[in-house]
Amino acid sequence: MFQYLLLGLIIFYVMGNLLALRHFGAYDFESQFVRIFLVNDRRIIKRIKEKPTVPLIKKLKKIFSLQLIAKIVIYSLFVHFYLGNNTSVSVFILASLFVCNILFDLQTNKIVNQASQH
């Protein structure tokens, strides 16, 4: 039962990210999907809205797509080890997901700052 709940949450997360990427590509930065799944920092959204150039949006969509793939792999590993009753490895994988999220946010912020300086 619990594994179905985990898989359902992962599928929901993936679908939410795909919808967020679609809204982001359509320059709808105020969409709730974009705010929940991609960029939750209002300052970054404000900077993107100030200079929404095509290269910036394409670069960010590429970065967000790669992040989604990485998160799917990490979540899959978590589910695999959690359901295999290997709790220590699954906790380590969740900790690495937390670190990756911070690194992803820093990368996004760096790209937006570089684009706003030009």
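## Helices H3 and H5

In this predicted model, the axes of helices H3 and H5 come within 10 Å and cross at roughly 35 degrees. The crossing in which H3 passes H5 is left-handed. Two packed helices are described in this way, by the angle between their axes and the distance between the axes.

On the H3 side, the residues that meet H5 are Ile44, Arg47 and Ile48. Their counterparts in H5 are Thr108, Asn109, Val112, Asn113 and Ser116. Sorted by class, the contact of H3 with H5 has three nonpolar, four polar and one charged residues.

## The two sides of helix H3

Helix H3 spans residues 42–50, and its buried residues are Ile44, Ile45 and Ile48. These three cover an arc of only 100 degrees around the axis, and therefore lie on the same side of H3. The other side of H3 carries Arg42, Arg43, Lys46 and Glu50, which are exposed.

The buried residues of H3 are covered by several elements, including helix H1 (2–25), H2, helix H4 (54–83) and helix H5 (87–117). Two of the buried residues, Ile44 and Ile48, also belong to the contact of H3 with H5.

## Arg47 in H3

Arg47 is likewise placed in helix H3. With a relative accessible area of 31%, Arg47 is partly exposed, because this value falls between the limits of 20% for buried and 50% for exposed.

Not counting residues up to four places away in sequence, Arg47 touches Asn109, Val112, Asn113 and Ser116. These four residues are also among those of H5 that meet H3. As for position in space, the C-alpha atoms of Arg47 and His80 are separated by 39 Å; along the chain, these two residues are 33 residues apart.

## Gln67 in H4

Gln67 lies in helix H4. Its relative accessibility is 9%, so Gln67 counts as buried. Leaving aside the neighbours within four places in sequence, Gln67 is in contact with Phe104 and Thr108. Thr108 is also one of the H5 residues that meet H3.

## Aromatic pairs

The structure holds eight aromatic pairs. One of them joins Tyr27 and Phe29 in an edge-to-face arrangement, with 5.9 Å centre to centre and 65 degrees between the planes. The partners in this pair have separate burial classes: Tyr27, at 34% relative accessibility, counts as partly exposed, whereas Phe29 is buried, with a relative accessible area of 7%.

Phe33 and Phe37 form an aromatic pair that is stacked, with 6.5 Å centre to centre and 15 degrees between the planes. Both residues belong to helix H2 (residues 32–38); because they are four residues apart there, about one helical turn separates them. Phe33 counts as partly exposed at 32% relative accessibility, while Phe37 is buried at 12%.

## The aromatic cluster

Phe33 and Phe37 also take part in an aromatic cluster. The residues that form this cluster are Phe12, Tyr13, Phe33, Phe37 and Tyr75. By residue range, Phe12 and Tyr13 fall in helix H1 (2–25) and Tyr75 falls in helix H4 (54–83). Helices H1, H2 and H4 are also among the elements that cover the buried residues of H3.

Note on methods:
Residues numbered from 1 in each chain as written. Predicted model: local features only at pLDDT ≥ 70, side-chain atom pairs only at ≥ 80, totals over all residues. Heavy atoms only, no water. Phe/Tyr/Trp six-rings, centres within 6.5 Å; stacked < 30°, edge-to-face > 60°. Buried < 20%, exposed > 50% of the residue type's maximum accessible area, 1.4 Å probe, protein only. Arc of directions from axis to C-beta. Contact = heavy atoms within 4.5 Å. Axes fitted to C-alpha atoms, helices over the stretch in contact; angles between N-to-C directions. Left-handed = near helix turned anticlockwise from the far one by under 90°. Nonpolar A, V, L, I, M, F, W, Y, C, P; charged D, E, K, R; others polar.
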